[in-house]
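Subject: Handing over a structure

Hello,

Here is the structure I promised to pass on. Have a look at it first, and then read my notes below.

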Amino acid sequence: MTAPTPLIAGNWKMNGLTASLAEARAISEGVSGAKARVAICPPAVLIHQMSQALAGGPVLIGGQDAHTDESGAFTGDVSAEMLADAGASMVILGHSERRDGYRETDELVARKSLAALRAGLEPIVCVGETLEQRKAGQALEVVTGQVRASLPPELLGKAFAIAYEPVWAIGTGLTPSIDEIEEVHLAIRATLIEMFGDAADKAPILYGGSVKPANAAEILHAAEVGGALVGGASLKAADFLGIVRAL
Ligand code: PGA
C-alpha cells in the first residue's frame, strides 16, 4: 500500500474579511518545503480574491459547503460549480456544524459529494461521533456508518479525503488519545477498502478537532492519519505553519 500524500487544510469557518488575505499570503509564503498539500478553506466570498492573491503559489483553496444543484432558485446557497469558478479545487462537506446546525444527513452529504465531483472539486467529507455516542461505546459504529452512507460509489478512482472530527473535540481544546485516533482511522481505512477496494489507499484520512502546533506532531504521525483539518489554529499564519511543519 502506498501512503496517500497528506493534506493539511485550514477551515476558516465564518471568519475572515478582505484584510485576512494578508494572513493567507503569509501562509503561502511560509509553506515551501512542506511534506503535505496545504489548503485554506475561507468563507465563500473570499475564495475569488484569495485564489488571485495566492495564484502560482503552493496553497490550494477550498469551499466549506456546496449545494447539490449546479444553479437554481436556492436563496443564499452556493454551488460547487461556483466554488470552482471562483478558484476552489476542493470543498469540505458534511462538517458537524452543518450536520448539526442545518440538519444535513449522510444522504445529503453523499449528494453534495456527487456535486463536488461534477464540478471537478475534491470533496473532504467529514465524519465524527458526539460525546454521548463515544461514552456509549458507539464511536466506531457511528463513524463507519457515516463513511458508508456519506460517500457515493462514484468516488471510486476519484480524489477525495475523509476528515475524522469527533464533535466533542471541535473548538474545545479536547482531543482523543492517540490510541483512540488510530483506532478510528484504522476502522475508516478498513471501511474505505471494503467500499472501494485498493483504490481507497489513495484517500487521506485527516484528523480534525483542536489540532494546534503543540499536539500536531504526535497526531500527524499516528497510524493512518493523513493530515489534519484545522479550525481555530488555521486563522493565524504562525499557528497554521507550526502545524504544517510538524509533519
Ligand atoms: P478546531 O476546528 O480546530 O477549531 O477544533 C476543527 C474543525 O471544525 O474543522
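**What I found**

Helix α5 is followed by Gly 120, whose phi is positive, near 80 degrees. Helices (H or I, at least four residues) and strands (E, at least two) are DSSP runs here, numbered from the N terminus.

Before going further, please note that this is a predicted model: local features need pLDDT of at least 70, side-chain atom pairs count only at pLDDT 80 or more, and totals for chains, interfaces and linings use all residues. Residues are numbered from 1 along each chain as its sequence is written, and side-chain values use heavy atoms, with hydrogens and water left out.

Back to α5, which covers residues 106-118. Its 13 residues reach 18 Å from the first C-alpha to the last, close to the 18 Å expected (1.5 Å times one less than the number of residues). Its buried residues (under 20% relative accessible area, 1.4 Å probe, protein chains only) are Val 109, Ala 110, Lys 112, Ser 113, Ala 115 and Ala 116. Among the elements covering them are α3 (80-86), β4 (90-93) and α7 (139-150).

Now to the strands. A closed barrel of eight strands runs β1-β2-β3-β4-β5-β6-β7-β8, with parallel pairing (two strands pair if DSSP finds at least two bridges between them). Neighbouring strands of this sheet are turned by 25 degrees against each other on average, direction ignored (axes are lines fitted to C-alpha atoms, for helices over the stretch in contact, and angles run from 0 to 180 degrees between N-to-C directions). α8 packs on the sheet and touches β5, β6 and β7 (contact means heavy atoms within 4.5 Å); the direction of α8 makes about 150 degrees with that of β7.

α8 itself spans residues 178-196. At 1.5 Å a residue, its 19 residues should span 27 Å, and the end C-alpha atoms are 26 Å apart, which agrees. Its buried residues include Ile 181, Ile 188, Leu 192 and Phe 196. After α8 comes Gly 197, with a positive phi near 70 degrees.

Which residues touch the most other members of the largest nonpolar core? They are Leu 151, Ile 162, Ile 188 and Leu 192, out of 63 residues. Such a core is a set of buried Ala, Val, Leu, Ile, Met, Phe, Trp, Tyr and Cys residues joined through side-chain atoms within 4.5 Å. A second, separate core of twelve residues includes Leu 7, Ala 9, Met 90 and Ala 161.

Best wishes

Definitions and conventions
Buried means under 20% relative accessible area, exposed over 50%, partly exposed in between (1.4 Å probe, protein chains only).
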